[in-house]
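Trainee: Could you take me through one helix packing here, slowly and with the cut-offs spelled out?

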Amino acid sequence: LIQPSVMESFSLVIMESWLAGTPVMVHAGCAVTKEHVERSKGGLHFGDYPRFAEGLRILLERPQLREQMAQAGREYVLQNFSWPVVTQRFVELINRLAAEPVPEPKEPPQDFAPPANLEPPKAKEIRRAQDRPQAAAPSKAEPAAAKPGQPAVHQMLPDFSYGDAIGNDALAIQKSLRSWGFASEIFSEHVHPKLCHLARPWQEYASRARARDVLIFHFSTGHGLAEVLPTLPGRKVLRYHNITPDHFLEELSPDAARRARMGRRQLPALAQAVELGLGVSDYNCSELDQAGCPATAMVPILLDLVQLETDPDPVVLSRFKERGPNVLHVGRIAPNKCIGDLIKTQYWLSKLVPGARLLLVGGGMDMSY
């Protein structure tokens, strides 16, 4: 599997490739994916086209090496990013927060002006909400009964998208929290139609949260909710997925570029308004440290490995299995994913292996949520 992007903060597709028994090649210019490959010994990294061609030649000619790398990658994923390993980190962090005193709720700054369509709850309403008992939260997901006296651990994200890494991360975190007996809901402003039964409007959060409850806020691009967050009740944790540099997006989606610039402006205030920042990689944690986050911890994206145990789709197999080899890239079709470089590498591959084809799987920049 080829991952030429230089702007990854974790890269789920690399983990899935190793779990599927396939070694990877990554761009040496991406600190995160290069570290994954070097630590796991599950693949190769390249910095230019000749090195890509040479690495590909080595992998194509040495099947035993491919198998060894794939196995090493699989062991790396299971030892570092499996469900039990990552969920244990969440348990430790929740216990750590529970042992610390509850901070006072923050008043909105005097110059605070919420974006259009976003009205922050008033401070008096927040204090009343903190004092009232937590309302029962019906859910279609059939959560386990919450343990008496235990804080709820909710999540909030501006855009709850279907099938993307952040939305899947939120669902996986909720699945774990509920399995441990925590009350846990997902709150959002924009919700994909397929996920409407799994989320609540963000405005409902203040009425059901208590001062000792925990709110995990997922952040990857600028949004008005980032400015409202400090005024909401509960202990606040920032789940940082990094922000795509705006210059990658400007020509393709000016609105996405604008939100990226907004996110960079909001990050320092947001990082300093929470008790804890969770980065999905050490690289993300370093950005949180630079932004002034009081404490950080590296907690990778939760991989729900059960989803990877389904049988192959016979239609997909019949369509792509006969010809080959196939080079697969899974990810958004966006400039920061270096799709142009990947297409150029296809030229080298076609010289080495006539008939090889490149498969690009992913949505474009026109996907709103």
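Mentor: Helices α3 and α13 lie oblique to each other, because their angle falls outside the ranges under 35 degrees (roughly parallel), over 145 (roughly antiparallel) and 65 to 115 (roughly perpendicular). The model is predicted, so to speak of local features requires pLDDT of at least 70 and side-chain atom pairs count only at pLDDT 80 or more, while totals for chains, interfaces and linings use all residues. Residues are numbered from 1 along each chain as its sequence is written, and side-chain values use heavy atoms, with hydrogens and water left out.

The angle between α3 (residues 49-61) and α13 (residues 339-352) is about 50 degrees, and their axes are 10 Å apart; these axes are lines fitted to C-alpha atoms over the stretch in contact, with angles from 0 to 180 degrees between N-to-C directions. Both names refer to DSSP runs (H or I, at least four residues), numbered from the N terminus. The crossing of α3 with α13 is right-handed, that is, the near helix is turned clockwise from the far one by less than a right angle.

On the α3 side, the residues in contact (heavy atoms within 4.5 Å) are Tyr-49, Phe-52, Ala-53, Leu-56 and Leu-60, and they meet Asp-341, Lys-344, Thr-345, Trp-348, Leu-349 and Leu-352 of α13. By class, this contact of α3 with α13 holds eight nonpolar residues, one polar and two charged, where Ala, Val, Leu, Ile, Met, Phe, Trp, Tyr, Cys and Pro count as nonpolar, Asp, Glu, Lys and Arg as charged, and the others, Gly among them, as polar.

For α1 (residues 12-19) and α2 (residues 31-40), the axes come within 10 Å and cross at roughly 25 degrees, which makes α1 roughly parallel to α2.

Conventions: Helices (H or I, at least four residues) and strands (E, at least two) are DSSP runs, numbered from the N terminus.
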